[in-house]
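Let us read a structure together, one feature at a time. Each turn takes up a feature and how to describe it.

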Amino acid sequence: MFRLLLRRLLALVPLLFLVSVLTFSFTAMLPSDPVDLILGDTGTTEQHDMLRERMGLNDPVVVRYARWLGNAVQGDLGTSFFNSVDVTRAVMQRMPVTLSLTAVAALIAIATGIAAGVAAALYPRSWIDRLATIGATFGQAVPNFWFGLILVAIFAVNLHWFPATGFTPISQSPWDWLRSVTLPAVALGLSSSAAIARQVRSAMVGVLQMDYIRAARAQGLSARRVILRHALTNAMVPVIAVLSFQITVLLGGALIVEQVFAINGLGTLAITAVRQQDIPMIQGLVLVMVGMVVLVQLATDILYGLLNPKARPS
Amino acid sequence: MTQATPLRPRKLRRPGASGLITGTAILILLVLAVLALAADWITPYDPLRQNLMHALQGPSANHWLGTDDLGRDVLSRLIYGCRIAVIAAAEATAIAILLGVPLGLFIGYRGGWWDWITMRVVEAVVSIPGIMVAIVIIALLGAGLHRAMIALGILFSTSFLRLARGVVLAEREEVYVRSARVIGASDSRILVRHIFPNIAPPLIVQVTLTVGAVLLSEAGLSFIGLGVQPPHASWGTMLNTAANYMDLNWFLAVPPGVAIIVTVLSVNLLGDVIRDNVGRGIATAPSAAARRRKVRPAEPVTVLPAPTEDEVLRIEGLTAAIVPEGGTETPIITDLSLSTKRGETLGLVGESGSGKTLTGLSVLGLLGAGVQVTQGAIKLNGTDLLTLKPRELEQVRGNQVAMVFQDPTTSLNPAFTVGSQIAEVLRTKQGLTKAEAWEKVVELIHRVGIPRPEERARAYPHELSGGMAQRIAIARALSCNPSLLIADEPTTALDVTVQQEILDLFRDLQDEYGMAILFVTHDLAVAADICDRISVLYAGQMVEMAPVAELFADPRHPYTRGLLSAMPHAASGEPPLPTIRGSVPRPGAWPVGCRFGNRCDFHTAACDHPVPLEGQNGRLIRCVHAERFKLEAAS
């Protein structure tokens, strides 16, 4: 297990490197001049040149990249062009918000998706199967932010069960955190839940036709045990890849859903940064998000190894 | 999967429902296209004309869908939104195809460094959440519909690139492409003539997926203000407006939301239908077992000896049939009676389709979906299993009867160690503790002749050879000391050298545990080796039953004779092996009379009436010419 982990971690290095090159070169192509952005129309030509020199913008692009990467590796993502905010600090401040929203949405999506998929596979063509299939088809067509608006209209504006906007950190009050995160997480999780349900159903249907399921039944193990232990464990193997992808989707979706609920997460930060052409902020955000995605992939890889003995190095 | 599932409809939805859904989806998309084209003429108001006196009104006769915060007509804006949606979907999808497909074809065909570098870049892009990629590209290009669609086009081109590359990689090694290359066809000609036809079907499926995703993404980007810019109307910007007035007029969110959902749903459903027809569809389930029908009691059985004390299994007049939902029954086993006692091995021999495996499965109550016992009795140690409730039958399985399957590598669960699979049975069936169970597991694995049992118990099925896996399966089957063991072709999937060892193991274990064995095989040589008595099945019927020595010395049914003469040892070797002409008729196509009649050299008019199974002293035969063959053998 340890060697598997190490190998996966090492495999991530070139990927992260490539992402950093892509991010840097892309943002380096941005049409606006950072110095103009910072000083605006004020300042003399000398001041412009001085700032340009101080920011190292006259250096060749390779040198600038190396400097940026060197700092990034040490946790320093630079300073925003606006208000001189430290990028690392700004991102780290917002990250728990987006992460907890994504995590709760992922939990909801995985739990409901697997339950619906298993139920549909167990009773093919029953009303449960039809309901799950129709629900999954609809779920994938509903925009998450629209679902969020509708949830707000019903459960916040009309029923007052949940706050309509805002986010309470879990450290401040777990109960208020749960109340503030529920609606956005449900809105965000719907389409992933649908995608997972479809995958689980299809994988379960395949596994339930395998010999070892019949052999386990022949040995007198109960239907419940065979389905929940023997079938589900094997059905989860192909589902893992979908889970990993869906968590990436959720992380992206969170950026938009945050806007519905006026949550100050990475989404708001990213949108502001793009509007302002705040290069260090955009670079930092992309790098941090890829870091999170990569960690999720690592976790699902390990899970894959645990569920599928054939994938383990012997 | 080795066994065929009898009923496996390809599509989930009934054809009628499927046609209706497809029709509706196409109709909706057509309406959308018409609205998009004719928006200038059919909208009741100018979508941009403000009227602050009538802001945020609900639906009325003047404004069917109400007005927004600036008093603009929601219906008119919605219709103009159709135009944006069509433009967005067409633009982004076209860019994605034009960018992704040629690049994918190129790197797939070229291979080498081009391929390696491009694929690493694609991997890197895919590891960033899609919406973030779009946002970064928009940062570069600036906000607005067309720029946002270029961003989405670049984003979605990765999936077209991978698709095109995958098809090329698969196809370039195909024989016809290689031979085209040999005869000197140019690369571009090969691409156009041979690869394009194969890429078209998955491409169409991918287009529907992409159109759906583009519509949702465009709405999302416009919603956060990076797509279509106000005051222009798109469904996403309309929702952005609605979001600000949820407490004043929540209805504003409904029309654009429903428009998005209905459109995306239509595209997705159309994609599903296309995917099903292209053959990349998800696996569909066989329908759940129809409601259990009542089993009719057996007719009085004359061919079996009276029950004795050491009798373990007694099957009386068993009939099983395929019972489709609302269809007519097709029998697959008819009027089968047999019995076996402690320490005896009864062989069930026949070609595939004779019903021998189904007989074994019906004892366990594990016939597949759609197959049911319709008549008869299956008595195990005196209890009729057909009268038991599912829970009670579960108790019987494992404890009193167990089964060893044909392919040991698929009958063991790949996710668990072999030891834990045996231990699980011991713990759930016999209530042993973890430690007790493990001790017994090691003992059992040692008993079935596997060296270093403690180490092997911790192995996964894929780490064992076929012969060793089958020994494990046997150990699991015997773990609760059942009185009946059903072995379904347990040596067929193994190497010839291993077969003999497994047969010897069965014999040894039977001497030690004393269970009865129902041994299912198509191989008479194997049956001769292990069985005490042999029952020959043909087309769902028993045609002959005899002690093994008598059957080989004096086969009486023409089918048995045919089987024997087709055995390699029986023939002298010089002339080619004789075969039985024709093949086993399929269930539902059985003749009324002797089911072997159309393949039999002795066929007469008398054979066209149903033939009863007759005989005594444990010799049974179903043939009108039985007496004649008996005399022939005697003379």
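The dialogue below works through chain A, the contact between the chains, helix packing and sheets.

Q: What kind of model is this, and how many helices and strands does chain A have?
A: The model is predicted. Chain A has 12 helices and 0 strands. Its C-alpha trace spans about 85 × 60 × 35 Å along the principal axes.

Q: How far should helix 4 of chain A span, and what follows it?
A: Helix 4 of chain A covers residues 61–73, which is 13 residues. At 1.5 Å a residue these should span 18 Å, and the end C-alpha atoms are 18 Å apart, so the two agree. After helix 4 of chain A comes A:Gly75, with a positive phi near 90°.

Q: How many residues of chain A are in contact with chain B, and which elements give residues to that side?
A: In general, the size of an interface is often given as the accessible area lost when the parts come together. Here we count residues instead. On the chain A side, 67 residues are in contact with 67 residues of chain B. Elements giving two or more residues to the chain A side include helix 1 (2–28), helix 8 (174–207) and helix 12 (279–307) of chain A. Helix 10 of chain A gives the largest share, 12 residues. By class, the chain A side divides into 44 nonpolar, 17 polar and 6 charged residues.

Q: How do helix 7 of chain A and helix 8 of chain B cross?
A: Two packed helices are described by the angle between their axes and the distance between the axes. The axes of helix 7 of chain A and helix 8 (residues 235–244) of chain B come within 11 Å and cross at roughly 25°. That makes the two helices roughly parallel, because angles under 35 degrees count as such. Their crossing is left-handed. Helix 7 of chain A makes the contact through A:Phe145, A:Trp146 and A:Leu149, and helix 8 of chain B through B:Leu239, B:Ala242 and B:Ala243. This contact has 6 nonpolar residues, no polar and no charged ones.

Q: Which residues make the contact of helix 13 with helix 16 in chain B, and at what angle do these helices pack?
A: Start with the geometry. Helix 13 (residues 418–430) and helix 16 (residues 466–478) of chain B pack at about 15°, with axes 9 Å apart. They are therefore roughly parallel. The crossing is right-handed. Helix 13 of chain B uses B:Val418, B:Gln421, B:Ile422 and B:Val425. Helix 16 of chain B uses B:Ile472, B:Ala475 and B:Arg476. An α-helix has 3.6 residues a turn, so residues three or four places apart point the same way. By class, this contact has 5 nonpolar, 1 polar and 1 charged residues.

Q: What does helix 16 of chain B lie across?
A: Helix 16 of chain B lies across strand 6 and strand 7 of chain B, at about 175° to strand 6. Strand 6 and strand 7 belong to an open sheet of 8 strands in chain B, with the order 6-7-8-3-9-10-12-11 and mixed pairing. Strand 6 (401–404) and strand 11 (614–616) are the edge strands. The twist averages 20° from one strand to the next. Strand 7 and strand 8 of chain B pair in the parallel sense over 5 bridges. B:Leu484 has B:Ala516 as its bridge partner in strand 8.

Q: What is the strand order in the sheet of 4 strands in chain B?
A: The order is 2-1-4-5, with antiparallel pairing, and the sheet is open. Strand 2 (330–341) and strand 5 (383–384) of chain B each have a single partner strand, so one side of each is left without a neighbour in the sheet. Strand 1 and strand 4 of chain B run antiparallel, joined by 8 bridges. B:Arg314 has B:Lys379 of strand 4 as its bridge partner.

How values were computed: Residues numbered from 1 in each chain as written. Chains lettered and ligands numbered in written order. Predicted model: local features only at pLDDT ≥ 70, side-chain atom pairs only at ≥ 80, totals over all residues. Axes fitted to C-alpha atoms, helices over the stretch in contact; angles between N-to-C directions. Parallel < 35°, antiparallel > 145°, perpendicular 65-115°, else oblique. Left-handed = near helix turned anticlockwise from the far one by under 90°. Contact = placed C-beta atoms within 7 Å. Nonpolar A, V, L, I, M, F, W, Y, C, P; charged D, E, K, R; others polar. Expected span 1.5 Å × (residues − 1). Pairing = 2+ DSSP bridges.
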